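Colleague: I would like to go through this model with you. Could we take the core and the strands in turn?

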Amino acid sequence: MSPTANTSSEITNNKKRPSTLTSFFSTNTVKKNKQETTPETQKSTAIDYEKILETKNLDKNSLEYRTMGHDWLCELADEFSKPYFKQIKTFLEKEKQAKKIIFPPEDQIYSWSKYTAFQNTKVVILGQDPYHNDNQAHGLSFSVCKGITIPPSLKNIYKAIQLDYPEKFKTIPNHGYLKSWADQGVLLLNTTLTVQKNSPNSHSKIGWEQFTDAVINLISKRKTNVVFMLWGSNAIKKATKLIDTKTHLVLKSVHPSPLSAHKGFFECHHFKLANEYLLKNKIKPIEWQNL
């Protein structure tokens, strides 16, 4: 099936708003998404964020301050004082005191924010729970570190990419480490950021959904031309209501899990459609084969 044909994915791409806004980092008008982030611009931006953080009255000893990317930290600072976020922190502290094993490791909960800068986010792939077995979760949805067996859902993701790019993606990688995607601007975000060992969905009601709602809402309102890949009913239900479909591309399909992938995931062509959309908007596409 051609990726431009009608598939099981829902594609929303209406007329977009002007792609400029006045940044709160300066009085200049800046273009969004039209210019790639370079190490030089990241360095200069980091200085600005450091100055802004001084005005945010944040606890410098907090996990968020120590481990979250400072651009996201600035953007999401107001969330940390809200009752739901305090509830998250209280819950996790009680779990820690009870010697419960929580994944991912504490210093990796916000890995998604360290590897993908807010200003460089081009694609959002929304997962659900972190992996709940030993040595799997490290803060990026669907990703596992090298040396860990590739989970079945990620294997199916690789197969779907192979269908979209048979020449570039001739062989399935021998690992499931997706940091190179994150470095290119793919935000690998889970709906819930922590889980108790061997207990899927154990932290799905502690408040993380409100926080990740804030992340998605922030991207929708402050950026343009971002591709959102929503796989499965949970991701679709959560994110659809938060995304401005006039300024972003929303791709929907069944989940890549072996239980559902055969119902349309392999034919959804999300990876090629995402790159076509990015190119159309003069944004560097993702090299999915770069792993």
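Modeller: A residue counts as buried when under 20% of its relative accessible area is left, and as exposed when over 50% is. Keep in mind that this is a predicted model.

Colleague: Which residues of strand 9 lie on the side opposite Val250 and Lys252?

Modeller: Strand 9 covers residues 249-253, and five of its five residues are buried. Both of its faces are covered, with Val250 and Lys252 on one of them. The other side holds Leu249, Leu251 and Ser253.

Colleague: In which sense do strand 8 and strand 9 pair, and what is the hand of the crossover between them?

Modeller: Strand 8, residues 227-231, pairs with strand 9 over five bridges in the parallel sense. Val227 stands opposite Leu249 of strand 9. From strand 8 the chain passes through helix 9 (residues 233-240) to strand 9, and this β-α-β crossover is right-handed.

Colleague: Which helix gives the most to the largest nonpolar core?

Modeller: That core has 80 residues, and Trp112, Phe211 and Trp288 touch the most other members. The most is given by one helix, with seven residues: helix 8, residues 208-222.

Colleague: Which phenylalanine does Trp112 touch?

Modeller: Leaving out residues up to four places away in sequence, Trp112 touches several leucines, including Leu76, Leu140 and Leu187. Its contacts also include Trp72, Gly139 and Val215. The phenylalanine is Phe211.

Colleague: Which residue just after helix 10 takes a positive phi?

Modeller: Helix 10 spans residues 270-280, and its buried residues include His270, Phe271 and Tyr277. Just after this helix, a positive phi of about 60° is taken by Lys282.

Note on methods
Residues are numbered from 1 along each chain as its sequence is written. This is a predicted model: local features need pLDDT of at least 70, side-chain atom pairs count only at pLDDT 80 or more; totals for chains, interfaces and linings use all residues. Side-chain values use heavy atoms; hydrogens and water are left out. A nonpolar core is a set of buried Ala, Val, Leu, Ile, Met, Phe, Trp, Tyr and Cys residues joined through side-chain atoms within 4.5 Å. Buried means under 20% relative accessible area, exposed over 50%, partly exposed in between (1.4 Å probe, protein chains only). Helices (H or I, at least four residues) and strands (E, at least two) are DSSP runs, numbered from the N terminus. Contact means heavy atoms within 4.5 Å. Two strands pair if DSSP finds at least two bridges between them. A crossover is right-handed if, with the strands pointing away from the viewer, the path from the first strand over the helix to the second runs clockwise.
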